[in-house]
Structures are given as structure tokens and as C-alpha cells.
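Ready for a little practice in reading a protein model? Take the exercises one at a time, and try each before you look at its solution.

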Amino acid sequence: MMERTLAIVKPDGVKNRVAGQVISRIEKEGFRIVAMRLHHLSRAEAEGFYAVHRERPFFKDLVAFMTSGPVVLMCLERDGAIVHWRETMGATDPAKAAEGTIRKQLATNIEQNTVHGSDAPATAAFELGWFFRGSELG
Ligand code: CMP
């Protein structure tokens, strides 16, 4: 089933100059890049985006990290995009990520884990709507 997901190259990925490598992998995996832009998240944008994690002990650090520098925001489309992108990224904690995954290859730790992906269809709809206007997702 054709599906869309939000992908983010997080601040560590942009800072370490591996955004191009991530985008190249995305293309090799057969995704169509529907929309893409470089963006420096405000605190309000990061807090709203991660609202489901508000009560977690790592929330404050996560918001500080996600606002520490620009990110690359992308809408990706593919058959089974959500699961395929999550498999391509690997486990949240790079120490647990499988060989060949982006996080195994490029991530530093569970916070600075280089990439983000939506975890379910409802989350993808919310997350894409958080960062992109309808006219950009046509
Ligand atoms: P992400 O998929 O973007 O969504 C929530 C993020 O919280 C997750 O990636 C991690 O980068 C970050 N995070 C930081 N610390 C933790 C932790 N202890 N457990 C889970 N996620 C964490």
C-alpha cells in the first residue's frame, strides 16, 4: 500500500555533514521525496512535535538537542513507507541497531541518533501536518 512518512535528519546528522548520505540512502531504498526543507526548530515546535514524550525524563534534553541546530525535514513516499523507513533507520539506540542500518552506521547515542521516522499511520499524519502545508504535499 502506498504510504507516506515523516523523516528527519536530526541536528547531529546535519552538523556531522552526513545529511547527503542519508538522502542518498533514502533514494536507494526506493522512496520518492515528496517534500524536503532545512529548518531550525523553535522550542515550541519541538515541544509540540514531541508532546507524547512530555512526561518522560529525557524530554527536556530531547527538546534542547532538537533545537540545537538545523534539521532536514522530509515527506517520503513508498509502498509500506513507515515500516520500511523504520527498518532502514534501525533501533532507537544505535548500540542495539542492526548492521547496515543508518543508526548503526552514523548515530552517536540514543539521543543523537541522526534520524527520525513516524511510528504509525496516525503519527505520520500528525507529524507531516506539523511541518508541511497541504500544498507542499500534493
Ligand atoms: P525519536 O524516534 O525521534 O523519538 C523520541 C526520541 O527521544 C527518540 O528518537 C530518541 O532520540 C530520544 N530519546 C532520548 N533519550 C531516550 C531514551 N532514554 N529512550 C527513548 N528515547 C530517547
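Below are three exercises with worked solutions on this predicted model.

**Exercise 1. Describe the overall fold and size of the protein**.

Solution.
- Step 1: Begin with the secondary structure, which comes to seven helices and four strands.
- Step 2: Next, follow the sequence and write down the order of these elements: β-α-α-β-α-α-β-α-α-β-α.
- Step 3: Now turn to compactness. The radius of gyration is 14 Å, close to the 14 Å that the globule rule gives for 138 residues, so the protein is as compact as a globular protein of that length.
- Step 4: Finish with the extents: along its principal axes, the C-alpha trace spans about 35 × 35 × 25 Å.

**Exercise 2. Find which residues are around the ligand, and sort them by character**.

Solution.
- Step 1: Use a cut-off of 4 Å between heavy atoms to decide which residues are near the ligand.
- Step 2: The residues around the ligand are then K10, Y50, H53, F58, L62, T92, I110, E111, N113 and H116.
- Step 3: Sort this shell, and you get four nonpolar, four polar and two charged residues.
- Step 4: As for the place itself, the ligand takes up the space of the largest pocket.

**Exercise 3. Locate polar contacts of the ligand, and say how much of the ligand is buried**.

Solution.
- Step 1: Look for pairs of N or O atoms within 3.5 Å.
- Step 2: Check the side chains. K10 has a polar side-chain atom 2.8 Å from a ligand oxygen, and a polar side-chain atom of H116 also lies 2.8 Å from an oxygen atom of the ligand.
- Step 3: Check the backbone too: a backbone N or O atom of E111 lies 3.4 Å from a ligand oxygen.
- Step 4: Finally, consider the surface. The ligand taken alone exposes 460 Å², and the protein buries 78% of that.

How values were computed: Residues numbered from 1 in each chain as written. Predicted model: local features only at pLDDT ≥ 70, side-chain atom pairs only at ≥ 80, totals over all residues. Heavy atoms only, no water. Polar contact = N/O pair within 3.5 Å; in protein donor to acceptor, adjacent residues only side chain to side chain. Areas by Shrake-Rupley, 256 points an atom, 1.4 Å probe, with all protein chains shown as cover. 1 Å grid on protein atoms, 1.4 Å probe; cavity = no way out; pocket = protein on both sides within 12 Å on 5 of 7 lines; lining within 4 Å. Sits in = over half its atoms within 2 Å of the grid points. Nonpolar A, V, L, I, M, F, W, Y, C, P; charged D, E, K, R; others polar. Helix = DSSP H or I, 4+ residues; strand = E, 2+ residues; numbered from the N terminus. Rg over C-alpha atoms; globule rule 2.2 N^0.38 Å.
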